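Here are my comments on the aromatic rings and cysteines, set out as numbered points for you to read beside the structure.

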Amino acid sequence: MEKQKSKLSRLYGELRRRNVLNTIVLYIVTCWIILQVGSVAFPIFEIHNDYYYWLLGIFIVFFPVAVSISWFYNLTINGFVRIAPFSERRMLNNIAPVVDQRVSLDKNNKAPVRIDGWYVKAVSGPVEGLEYRIDNGVTIGRAIECEITLLRSYISRTHARFVVAEEILYIEDLNSSNGTLVNNKRINQRVRLYQGDEIQFKDIIFKIDEYATQKQSSLLLSKTTLIRNK
């Protein structure tokens, strides 16, 4: 019973990741609107009612086609983009994500334990919903040797690298073909990152998050020198 619930939970998470549920709702709503318009327009233009049922039949036939397409592809501003299967995220040197928002938290999936440091969260793209901790040099690219692999044709084999030096997070572009954007600006050299910054590789977006425990925050505050006006 528990295994069955776990499988259903993983399936539900995968359907959400691939936006299949959104596609089903959108398809049903669109078909319903078209049928409602047809029920009004057909009598006005003296179109036989048989065409209404033909239209309904076509929608039913194409429903599994729409679901199948949404399982394998996402519709973006650049057209249809193939969705990477889950197995592509655990390849060779890929670091394990700290957070996976595709899987709902239940009694078998406890909330992740965070430690002080820098984190990057995938807002869109093949690893959407995954969050990684950056504690050293982390390379992003299409090659499976990278710590974070993005299987997209417009991603270079070694595209960019996160670097932590003296507790400061930087990113540098590794001479990629399509470039790296920080807050919508293309970078040509190593750039320092701050809380809330956005890293973009075309339609793939990562957001920067700096986490510090209350103890660490208090320690930083105690080191801060307050200057008062006399």
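1. A residue is called buried when its relative accessible area is under 20%, and exposed when that area is over 50%. The model under discussion is a predicted one, and the points below should be read with that in mind.

2. Phe201 has a relative accessibility of 1%, and therefore counts as buried. Phe206 is likewise buried, because its relative accessible area is 0%, a value that falls under the 20% cut-off.

3. How many aromatic pairs does the ring-pair rule give? The count comes to four. Phe201 and Phe206 form an aromatic pair, with 6.2 Å from centre to centre and 75° between the planes, an arrangement that is edge-to-face. The angle of 75° earns that label because planes over 60 degrees apart count as edge-to-face.

4. Elsewhere, ring pairs join Phe42, Tyr52 and Tyr53 into a cluster, which a reader may wish to display together.

5. Two arginines should be viewed along with the rings they cover. The charged end of Arg18 sits over the ring of Trp71, at 4.2 Å from the ring centre, while the charged end of Arg190 sits over the ring of Tyr170, at 5.7 Å from the centre of that ring.

6. On the cysteines, a search of the whole structure finds zero disulfides. Cys31 has a relative accessibility of 8% and so counts as buried, and Cys146, with a relative accessible area of 2%, is buried as well.

Conventions. Residues numbered from 1 in each chain as written. Predicted model: local features only at pLDDT ≥ 70, side-chain atom pairs only at ≥ 80, totals over all residues. Heavy atoms only, no water. Phe/Tyr/Trp six-rings, centres within 6.5 Å; stacked < 30°, edge-to-face > 60°. Buried < 20%, exposed > 50% of the residue type's maximum accessible area, 1.4 Å probe, protein only. Lys NZ or Arg CZ within 6 Å of the ring centre and 35° of its normal. Disulfide = S-S within 2.5 Å.
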